[in-house]
Structure formats: C-alpha cells, structure tokens
Amino acid sequence: MQAAKLSAESLRQQVKALTGELRALSAQEDSHKVALAEAHTALAKAQAAAATREAQLEARVCEAEECRGRLEEDNAALIVSAKRVEESLRLQAESAATRAEELLADVSSLETQVT
C-alpha cells in the first residue's frame, strides 16, 4: 500500500509537471500566434506601401512620357521655325546683295558722270 501511495504521488507529480509544460507550451503558442499576426500585419503594410510606390512610379513614368512627347513636338516645331528663319535670312541676304550691286552700279554711274 505504501508503494501504491508513492506510485500515485509520483504520478501526481508527473501530471503536475506535464500540466505545467502544457501551460508553458500553450503560452508559447499564443505568443507565436501574436507574433505571426504582427508579421502578417507588417507584411500587409509593406505590400500596400510597395503598391502605392509602384503606382506613384507608374504615374511619374506616364508624366515623363507625356513630357517627352511634348518636347519632341516642340523640337519639331523649332526645327521648322529655324528652317523658315534660315530661308528668310537667305532671301534677305540675296536681296541685300542685289541692292548692294545696284548701289555700286549707281555709285559707278555717278563717278562716271562726275569725271
């Protein structure tokens, strides 16, 4: 009977120890669940921030492409304008050269008349 009491006490101690271990494991599991939930939250925030940043970058790319298009149009217009100015200056130079020749002819005629 004494052996049975010792065996029962030993079993109670083992149950008590196992219950304590079970409580510790349960607390650890709860802690892990909290950490996992926090990790999921952080991941969701990071994904949202990444999506926002990606959208911002896409918008900036669109703006840059639009700006590039406008610059190409402006450049084409400037080239056309420069060609017009160049042609106008060429015509003015030809006209000035013709007028200079006419003035030289007039001067030559006047010199001939004076002498």
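**View 1. A8 in helix α1 of a predicted model.** Residues count as buried when their relative accessible area is under 20%, as exposed when it is over 50%, and as partly exposed in between. In this predicted model, A8 has a relative accessible area of 28% and is therefore classed as partly exposed. The residue lies in helix α1, the element that covers residues 2-114. From the C-alpha atom of A8 to that of A37, which is 29 residues away along the chain, the separation is 43 Å.

**View 2. The whole chain, with its one helix and zero strands.** One helix and zero strands make up the secondary structure of the chain. The radius of gyration is 48 Å, well over the 13 Å that the globule rule gives for 115 residues, so the chain is more spread out than a compact globule. Taken along the principal axes, the box filled by the C-alpha atoms is roughly 165 × 20 × 10 Å. Of the 115 residues, 0% count as buried, and the area that the chain exposes is about 10200 Å², with carbon and sulfur atoms supplying 61% of it.

**View 3. L43 and S108, a pair 65 residues apart in sequence.** L43 is a residue of helix α1, and its relative accessibility of 45% places L43 in the partly exposed class. Measuring in space from C-alpha to C-alpha, one finds L43 and S108 to be 94 Å apart, for a sequence separation of 65 residues.

**View 4. The salt bridge between K33 and E29.** Side chains of opposite charge can pair when their charged atoms come close. Here the side chains of K33 and E29 meet in a salt bridge, with a distance of 3.8 Å from N to O, a value that falls within the 4 Å cut-off applied to such pairs. The two residues are four positions apart in helix α1, and they are therefore separated by about one helical turn. E29 is partly exposed, its relative accessible area being 43%. By the rule used here, the count for the model comes to six salt bridges, and the pair of K33 and E29 is joined by such a bridge.

**View 5. The salt bridge between E87 and R90.** What distance, N to O, is found where the side chains of E87 and R90 meet in a salt bridge? The distance is 2.4 Å. Because E87 and R90 are three residues apart in helix α1, about one helical turn separates them. E87 is partly exposed at a relative accessible area of 35%, and R90 is likewise partly exposed, with a value of 38%.

**View 6. The salt bridge between R99 and E102, and a network along the helix.** R99 forms a salt bridge with E102, in which the closest N and O atoms are 3.5 Å apart. With a spacing of three residues in helix α1, R99 and E102 are separated by about one helical turn. R99 is partly exposed, with a relative accessible area of 44%, and E102 is partly exposed, with a relative accessible area of 40%. Salt bridges that share partners also join E87, R90 and E94 into one network.

**View 7. The cysteines C62 and C67, without a disulfide.** Why does C62 have no disulfide bond to C67? The closest cysteine sulfur to that of C62 belongs to C67 and lies 13 Å away, which is too far for a bond, given that a disulfide needs the sulfur atoms within 2.5 Å. C67 is in no disulfide either, the nearest cysteine sulfur being that of C62 at 13 Å. A search of the whole structure finds zero disulfides. C62 counts as partly exposed at 41% relative accessibility, and C67 is partly exposed with a relative accessible area of 33%.

**View 8. Charged side chains over the chain.** The chain has 14 positive and 20 negative side chains. The centres of these two sets lie 21 Å apart.

Definitions and conventions:
Residues are numbered from 1 along each chain as its sequence is written. This is a predicted model: local features need pLDDT of at least 70, side-chain atom pairs count only at pLDDT 80 or more; totals for chains, interfaces and linings use all residues. Side-chain values use heavy atoms; hydrogens and water are left out. Buried means under 20% relative accessible area, exposed over 50%, partly exposed in between (1.4 Å probe, protein chains only). The radius of gyration is taken over C-alpha atoms; the globule rule is 2.2 Å times the number of residues to the power 0.38. Accessible areas come from the Shrake-Rupley method with a 1.4 Å probe; for residues, only the protein chains shown count as cover. Lys and Arg count as positive and Asp and Glu as negative; His and the chain ends are not counted. The place of a charge is taken as NZ of Lys, CZ of Arg, CG of Asp or CD of Glu.
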